[in-house]
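Me: Could you take a close look at the active site of this protein for me? I'm in my first year, so please walk me through it one residue at a time, and then show me what else is worth a look.

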Amino acid sequence: MEKFSSFDEIKKSLEKKEADCKTIVSHYLENIQTKAHLNAFVEVYAHSALAQADRIDEKLAKGKAGKLAGMVIGIKDVLNYAGHESNASSNILKGYVSQFTTTAVQRLIDEDAIVIGRLNCDEFGMGSSNENSAHGKVLNALDESRVPGGSSGGSAVAVQANLCTVSLGTDTGGSVRQPAAFTGVIGMKPTYSRVSRWGLIAYASSFDTIGIFSKTVKDNALVMEIMAGHDEMDSTSSRKPVLHYSELLHFDKKAKIAYLRETIESTALQPEIKENTLSVLDKLKAEGHEVKEVQFPLIKYILPTYYILTTAEASSNLSRFDGVKYGYRSPKARNLESMYKLTRSEGFGEEVKRRIMLGTFVLSASYYDAYFTKAQKVRRLIKEYTENLLNEFDYIIMPTTPSTAFKFGEHSGDPVAMYLEDLFTVQASVSGVPAISLPNGKDKTGMPIGLQVIANSFKEAELYAFSNYLSELTS
């Protein structure tokens, strides 16, 4: 095991005086420098991270440090951090310096987490491979010829390669869980509204959630319990109480578990992933849990519903980037109209432009009812069907992705093939329920396989406890 690979290990080192926060930050900075070619970080906050470490070491000496003293985190490049550049890995926001800090990030800082830098991602969170970044692609540390997944590819690789203890990503349709599966780490998407979105550069506001990458379930649960909760700055954030997830990891009941026939029998599913998923289900049966195959007749509608609604929201959200207020402005502009056209044509990447155009089309007067309104109705049906299943069963288990990490360029010329990588993750996003991806062995090429577990809304405590149990069962 690599040094400082879990927060428990860091805390033990601090307690035994074997290391201080400055030593820990220096260790990660050295790793980041050694593995800079992976391109996980777009900016490293070496100076401010070391200054934070000095302040926290002083607090530790006085016994006044927060719960996360010694934890080093990286943040996805769509999360604002005051005084630091945030550009959503897009040229249209090049040079933009945040005027405020994302609530979720601030809550971690308040408990003495140290922010070591911002992490590469697909532009505005749009992509499944991290090939759509203005900062260039991120490499999978296990096989540098393969993608790390997206859009939070940098966040996944930062934890995979031990460049920080924990990282934050965002999950709109699987952008935490899919890269977690591709890199062999744990990736958690909470219930929509469980974590404040304030300070997150929006892609699709009714889907976006801030999620967590970690190497242990306990670290993930601890970060979630600190980030979660109501925020006066975000009217969509839930007022439901936040439990101490990291203290509720013991699992000692017999669970009712469903798995979807359509996912296991999918022609897109890689054979080793099917085999490993069925193996876990067999182990759960052997342990006395009730495991039942169920059908989800709406599954073929989930992906088109997701893409119609998210592109529509993206079209609206990204209309603010026009060269007037902040970010890039085309030097070729001669009047107001040409400034709008040239700025957006030159500043946005191909995938972002594709989704804006699709979203604008489905929102147009002629097609609004045929596409957008109908997709909203189907979303409600998918959400109700999923919740009904989760009222009958404790958990739904399925593969995180239909395949393991693919080679760079393999799907670049085929957007539909790329979108199909989200086939199994979008159900939780459309329904707004929490879901986690856990490592579940490797395929014949040595690439990690992910296992996805879905629970009902605001059942994060139960999901973490079951995930902890599953991690021990399959290890």
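**A close look at the active site**

Reply: Let's start with K76, which is buried because its relative accessible area is 0%, under the 20% cut-off for that label. Keep in mind that you're looking at a predicted model.

Why begin with K76? The UniProt record, an unreviewed entry, lists K76, S151 and S175 under "active site". These three span 100 residues in sequence, yet no two of their C-alpha atoms are more than 11.1 Å apart, so they gather at one spot. Two of the set, S151 and S175, also belong to the lining of the largest cavity. We'll come back to that cavity in a moment.

First, find K76 in the fold. Look for strand β2, which runs over residues 72-76, and you'll have K76 in it. Now see what surrounds K76. Setting aside residues up to four places away in sequence, K76 touches L119, C121, G125, S151, S152, S155, L168, G169, T170 and S175. Both of the other listed residues, S151 and S175, are among those contacts.

Next comes S151. Instead of a strand, look in the loop between β3 (114-119) and α5 (153-160), where S151 is found. S151 counts as buried because its relative accessibility is 1%. What does the side chain of S151 do with K76? The two side chains make a polar contact, at 2.6 Å. Beyond four places in sequence, S151 is also in contact with N120, C121, D122, G125, M126, G127, N130, T170 and S175, along with K76 itself.

That leaves S175. You'll see S175 in another loop, the one between β4 (166-171) and α6 (177-183). S175 is also labelled buried, because its relative accessibility is 7%. How is S175 placed against S151? A polar atom in the side chain of S175 lies 3.1 Å from the backbone nitrogen of S151. If you skip residues up to four places away in sequence, S175 touches K76, G125, G127, G150, S151, S152, T170 and F213. So you can trace the trio on screen like this: S151 is joined to K76 through a side-chain polar contact, and the backbone nitrogen of S151 sits 3.1 Å from a side-chain polar atom of S175.

Now back to the cavity. A search of the whole structure turns up 2 cavities of 30 Å³ or more. The largest cavity holds about 60 Å³ of space. Which residues line it? They are G125, G127, S128, G150, S151, S175, Y203, Y306, Y307, R355 and D422. You've already met some of these names: G125, G127 and G150 line the cavity, and S175 touches G125, G127 and G150 as well.

Let's zoom out a little. The same kind of record, an unreviewed UniProt entry, gives the annotation "domain: Amidase" to residues 24-463. That span is 38% helix and 14% strand, and its end C-alpha atoms lie 30 Å apart. Helix α16 covers residues 460-474. Its 15 residues reach 21 Å from first C-alpha to last, close to the 21 Å expected at 1.5 Å a residue. Buried residues in α16 include L463, Y464, F466 and Y469.

There's also a pocket to find. The largest pocket has about 290 Å³ of space. Its lining has 14 residues, and the closest to its centre are K11, L14, E15, K17 and L60. Helices α1 (7-15) and α3 (46-61) each supply at least two residues of that lining, and α1 gives the largest share, with 4 residues.

Since we're at α3, try clicking on A49, which lies in this helix. A49 is buried because its relative accessible area is 0%. Apart from neighbours within four places in sequence, A49 is in contact with V25, I114, V115 and I116. A49 and A113 are 64 residues apart in sequence, but 9.8 Å apart in space, C-alpha to C-alpha.

For a contrast, jump to S235, in the loop between α7 (217-227) and β7 (256-260). Is S235 buried or exposed? S235 counts as exposed, because its relative accessibility is 75%. S235 and D252 are 17 residues apart along the chain, with 37 Å separating their C-alpha atoms.

Key
Residues are numbered from 1 along each chain as its sequence is written. This is a predicted model: local features need pLDDT of at least 70, side-chain atom pairs count only at pLDDT 80 or more; totals for chains, interfaces and linings use all residues. Side-chain values use heavy atoms; hydrogens and water are left out. UniProt positions are given in the numbering used here, feature names are shortened, and annotations may be inferred rather than shown by experiment. On a 1 Å grid over the protein atoms alone, a cavity is a set of points where a 1.4 Å probe fits but cannot get out, and a pocket is an open set with protein on both sides within 12 Å along at least five of seven lines; lining residues have an atom within 4 Å of a point. Buried means under 20% relative accessible area, exposed over 50%, partly exposed in between (1.4 Å probe, protein chains only). Contact means heavy atoms within 4.5 Å. A polar contact is a pair of N or O atoms within 3.5 Å; within protein, one must be able to donate a hydrogen and the other to accept it, and residues adjacent in sequence count only if both atoms are side-chain atoms. The expected span of a helix is 1.5 Å times one less than its number of residues. Grid points are joined across faces, edges and corners, and a volume is the space filled by probe spheres set on the points.
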